[in-house]
Amino acid sequence: MQMGNNRLETSKDDLQIRTLYAEEEASRQKISEAKSRHEKEEQLIISAWYNMGIAVQHSSAEMETLSVNRPFLTTTQATSYSSPPLHRIITGLTDHGYMIQ
């Protein structure tokens, strides 16, 4: 009778070991899938940043090309213009009937 109990216990142990191996394999599979997904996401982020940098570089180059093709006076006027000179403001006010005291 004891021999039958040993075999029963052995088969239970084997079943537990097989179950543990199956769970371990499933865990490894999940980890592998998560790692793969993480690497793909990382690659997408890197390529998005790269593409955005290239787009900014191209738009900067286009802006530079546009400013180079403009005549010199319009370029200097556009960059140095901040507000009208005071004599223009005063002349404009007096031309419209305002008195400056």
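This is a conversation about a predicted model of a single chain.

Colleague: How do you know what the chain is built from, and in which order do its elements run?
Modeller: The chain has three helices and zero strands, and from the N terminus on the elements run α-α-α.

Colleague: What makes one helix more or less trustworthy in terms of confidence?
Modeller: pLDDT is the predictor's confidence in each residue, on a scale from 0 to 100, and in this chain the mean is highest in α1, at 87, and lowest in helix α2 (residues 72-80), at 54. Over the chain the average is 76, with 58% of the residues scoring at least 70.

Colleague: Why is V56 called partly exposed?
Modeller: A residue counts as buried under 20% relative accessible area and as exposed over 50%; V56, at 47% relative accessibility, falls between these cut-offs and therefore counts as partly exposed. V56 lies in helix α1, which covers residues 2-69.

Colleague: What makes the nonpolar surface patch, and how much area does it have?
Modeller: I45, W49, M52 and V56 make this patch, which has about 450 Å². Membership requires over 30% relative accessible area, a cut-off that V56 passes with its 47%.

Colleague: How do you know that E24 forms a salt bridge with R28?
Modeller: The cut-off is 4 Å between a side-chain nitrogen of Lys or Arg and a carboxyl oxygen of Asp or Glu, and the closest N and O atoms of E24 and R28 are 2.6 Å apart, so the pair qualifies. The structure holds one salt bridge.

Colleague: Why are E24 and R28 separated by about one helical turn?
Modeller: Because the two residues are four residues apart in helix α1, about one helical turn separates them.

Colleague: Why is R28 called exposed, and what is E24 called?
Modeller: R28 has a relative accessible area of 51%, which is over the 50% cut-off, so R28 is exposed; E24, at 34%, lies between the 20% and 50% cut-offs and is therefore partly exposed.

Conventions: Residues numbered from 1 in each chain as written. Predicted model: local features only at pLDDT ≥ 70, side-chain atom pairs only at ≥ 80, totals over all residues. Heavy atoms only, no water. Patch = residues over 30% accessible without salt bridge, like charges linked within 9 Å, V, L, I, M, F, W, Y side chains within 5 Å. Areas by Shrake-Rupley, 256 points an atom, 1.4 Å probe, with all protein chains shown as cover. Buried < 20%, exposed > 50% of the residue type's maximum accessible area, 1.4 Å probe, protein only.
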